[in-house]
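Here are some exercises to help you find your way around a structure that is new to you. Try each task by eye before you read its solution.

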Amino acid sequence: RAIRLWRPSNIKLVSTFEGHAWPVHSIDVAASSRTFLSGGGDRAALLWDVETGRVIRRLGGHLARVNAVRIFNDNIHLSGSYDRTVR
């Protein structure tokens with residue numbers, strides 16, 4: 001239910017992102033590293049602002065858990081679900 005951002009050079013926890021009501025199944029980071037998209041068992045994809053740690057947008061509409069997310073060109077967001085749809 002939480003996503004943790006670690007600094008690999010000294011293995012230090014930088015931030016924790018909490019917003020999913022169920023386990024997180026997939027994450028994709030934008031090329032700019034300013035945002036990332038996460039998908040979870042709560043049937044939603046969440047677009048996050050890395051700097052503030054806040055959810056920018058909640059992308060819903062799936063009828064089953066989101067098991068795949070992808071960001072293209074920092075502005076196209078895709079989510080795939082066990083409901084056999086891509087949004």
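**Exercise 1. A loop residue**

Task: Find isoleucine 11 in this predicted model, and work out where isoleucine 11 lies and whether it is buried or exposed.

Solution: Start with the location. Isoleucine 11 sits in the loop between strand 1 (2-7) and strand 2 (12-18). Next, look at the accessibility. The relative accessibility of isoleucine 11 is 68%, and the cut-off for exposed is over 50%, so isoleucine 11 counts as exposed. Finally, check the backbone: isoleucine 11 has a positive phi of about 50 degrees although it is not a glycine.

**Exercise 2. The hairpin of strand 7 and strand 8**

Task: Describe how strand 7 and strand 8 pair, and say which residue in their hairpin takes a positive phi.

Solution: Begin with the pairing. Six bridges connect strand 7 and strand 8 in the antiparallel sense. One position to look for is phenylalanine 72, which stands opposite isoleucine 76 in strand 8. Now move to the turn. This hairpin has three residues between the strands, and asparagine 73 takes a positive phi near 55 degrees there. Asparagine 73 is not a glycine, and at 67% relative accessibility it counts as exposed.

Then look at the surface. Phe72 and Ile76 belong to a nonpolar surface patch of about 330 Å², together with Leu78 and Val86. Valine 86 lies in the segment after strand 8 (76-81). With a relative accessible area of 63%, valine 86 is exposed.

**Exercise 3. The hairpin of strand 3 and strand 4**

Task: Work out in which sense strand 3 and strand 4 run, and which residue stands opposite aspartate 28.

Solution: First, the sense: strand 3 and strand 4 run antiparallel and are joined by five bridges. Second, the partner: leucine 37 in strand 4 stands opposite aspartate 28. Third, the turn: five residues lie between the strands of this hairpin, where serine 33 takes a positive phi near 65 degrees.

To round this off, visit threonine 35, whose place is in strand 4. Threonine 35 has 15% relative accessibility and counts as buried. Leaving aside neighbours within four places in sequence, its contacts are Val29, Ala30, Leu47, Trp48, Val50 and Ile56.

**Exercise 4. Salt bridges**

Task: How many salt bridges does the model have, and which parts of the chain does the pair of aspartate 28 and arginine 70 tie together?

Solution: The count comes to two salt bridges. Take aspartate 28 and arginine 70 to begin with: their closest N and O atoms are 3.7 Å apart, and a salt bridge needs these atoms within 4 Å. Aspartate 28 lies in strand 3 (residues 24-29) and arginine 70 in strand 7 (residues 66-72), so this pair ties together parts that are 42 residues apart in sequence. Aspartate 28 is buried, with a relative accessible area of 14%, whereas arginine 70, at 41%, counts as partly exposed.

Now take the other pair. Arginine 58 forms a salt bridge with aspartate 42, with 3.8 Å between the closest N and O atoms. This pair links distant parts of the chain, 16 residues apart: arginine 58 is in strand 6 (residues 55-59), and aspartate 42 is in the loop between strand 4 (35-40) and strand 5 (45-49). Aspartate 42 is buried, at 12% relative accessible area.

**Exercise 5. The nonpolar cores**

Task: Which residues make up the largest nonpolar core, and which strand gives the largest share?

Solution: The largest nonpolar core has seven residues in all: Ala30, Leu37, Ala45, Leu47, Val66, Val69 and Ile71. Strand 5 and strand 7 each supply at least two of them. The largest share, three residues, comes from strand 7. There is also a second, separate core of five residues, including Ile3, Phe17, Leu46 and Trp48.

Now look at two members of the largest core. Valine 66, in strand 7, is buried, with a relative accessible area of 0%. Not counting residues up to four places away in sequence, valine 66 touches nine residues, among them His25, Gly39, Ala45 and Ser79. On the same basis, isoleucine 71 touches Asp28, Val29, Ala30, Phe36, Leu37, Ile76 and His77.

Notes:
Residues numbered from 1 in each chain as written. Predicted model: local features only at pLDDT ≥ 70, side-chain atom pairs only at ≥ 80, totals over all residues. Heavy atoms only, no water. Salt bridge = Lys/Arg side-chain N within 4 Å of Asp/Glu carboxyl O. Helix = DSSP H or I, 4+ residues; strand = E, 2+ residues; numbered from the N terminus. Buried < 20%, exposed > 50% of the residue type's maximum accessible area, 1.4 Å probe, protein only. Core = buried A, V, L, I, M, F, W, Y, C linked by side-chain atoms within 4.5 Å. Contact = heavy atoms within 4.5 Å. Patch = residues over 30% accessible without salt bridge, like charges linked within 9 Å, V, L, I, M, F, W, Y side chains within 5 Å. Areas by Shrake-Rupley, 256 points an atom, 1.4 Å probe, with all protein chains shown as cover. Pairing = 2+ DSSP bridges.
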